[in-house]
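Here are some notes for a first look at this structure. Please read them with the model open beside you.

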Amino acid sequence: MIDRSDGQDEVAGIAVRIIKEGDRIADIVKNLLAFARDWKEEQGPALIQDILADSLGLVEKQILKDGIRFKTYISPDLPEIKARSQHIQQVFLNILSNARHALNQRFPGFHENKVLEIRSEVVEIEGRRYIRTTFYDRGVGIPGNIRDRICDPFFSSKPRGEGTGLGLSISHGITKDHSGRLWFDSVEGEYTKVMVDLPTVE
Ligand SMILES: Nc1ncnc2c1ncn2[C@@H]1O[C@H](COP(=O)(O)OP(=O)(O)OP(=O)(O)O)[C@@H](O)[C@H]1O
Ligand SMILES: [Mg+2]
């Protein structure tokens with residue numbers, strides 16, 4: 001279509017967009033396939049505090065640069081979990097990125113409430129022990145009308161090009177694969193808490 005047009009008309013504009021969006025879809029599919037391949041990595045004993053430290057190490061600089069402060073509370077002597085560490089790290093990275101985005105949206109500059117609180121502790125659910133990691137941001141919160149959809153593949157409220165909407169859907173799959181649970185507590189305009197519950201090694 002581009003070759004047949006003079007490069008200026010509306011058709012050429014549409015053709016350029018088709019190519020660009022095609023490339024974008026190809027990138028997404030490539031990422032999904034790469035992700036599916038290392039799915040076979042065995043689950044092994046892991047410490048949540050190590051995975052958390054690795055995840056924070058990757059994004060800390062960026063988050064601090066935005067004027068966001070961290071508060072972390074890790075219970076001492078947390079037991080081990082059985083996990084594919086890389087996958088759990090991916091879950092944490094997406095939650096951190098979402099929290100950063102929500103805080104920056106609510107507080108574009110510096111603000112005393114621009115805080116991201118992370119807590120890891122043991123909880124007992126129906127006689128089984130889990131490590132619950134809670135990410136608490138006082139950002140824009142999740143509006144009630146989209147709450148049921150945020151884990152859907154390709155659901156994103158971010159501007160085009162900024163979010164693919166795959167973060168939570170993949171994270172949801174990973175926690176389920178670890179016999180865990182990913183859930184939310186949020187009040188629009190006030191806060192979001194994201195909880196990741198992962199069973200401990202008994
Ligand atoms: N901490 C949060 N505060 C407010 N809204 C959130 C938060 N976390 C997730 N959301 C909402 O859930 C949507 C889906 O999140 P998800 O991580 O799946 O996709 P994304 O961040 O938009 O894109 P991607 O993660 O693929 O880059 C977000 O677009 C946002 O509307
Ligand atoms: Mg995300």
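1. A word on naming first. Helices and strands here are DSSP runs, numbered from the N terminus; a helix needs at least four residues (H or I) and a strand at least two (E). One such pair of strands is β4 (115-125) and β5 (128-137), and the loop between them holds E126. Keep in mind that this is a predicted model.

2. Start with the overall layout. The domain assignment splits the protein chain into domain 1 (1-40) and domain 2 (43-199). Their C-alpha centres are 31 Å apart.

3. Next, the core. How many residues does the largest nonpolar core have? The count is 25. Those with the most contacts inside this core are I88, V91, F92, I95, A99, V196 and L198. Two or more residues come from each of α2 (48-65), β3 (81-83), α3, β4, β5 and β7. The top contributor is α3, which gives eight residues. As a general point, nonpolar side chains in soluble globular proteins tend to be buried together.

4. Pick out V196 from that core. Leaving aside residues up to four places away in sequence, V196 touches V91, T133, T175, G180 and L182. T175 also appears among the buried residues of α4.

5. Now turn to helix α4, residues 167-177. Which of its residues are buried? They are G167, L168, S171, I174 and T175. These residues lie on the same side of α4, because they cover an arc of only 120° around the axis. What lies over them? The cover includes α3 (85-106), β6 (181-187) and β7 (191-199).

6. Look just past the end of α4. There S179 takes a positive phi of about 55°. S179 is not a glycine, so the positive value deserves a look. S179 sits in the loop between α4 and β6. Is S179 buried or exposed? S179 is partly exposed, with 13 other C-beta atoms within 10 Å.

7. Go back to E126, in the loop between β4 and β5. Its phi is near 45°, again a positive value in a residue other than glycine. E126 is exposed: 5 other C-beta atoms lie within 10 Å, and the cut-off for exposed is 12 or fewer. With 13 such atoms, S179 falls in the partly exposed class.

Key. Residues numbered from 1 in each chain as written. Chains lettered and ligands numbered in written order. Predicted model: local features only at pLDDT ≥ 70, side-chain atom pairs only at ≥ 80, totals over all residues. Domains from an automatic or database assignment. Buried ≥ 20, exposed ≤ 12 C-beta atoms within 10 Å, placed from the backbone. Arc of directions from axis to C-beta. Contact = placed C-beta atoms within 7 Å. Core = buried A, V, L, I, M, F, W, Y, C linked by C-beta atoms within 7 Å.
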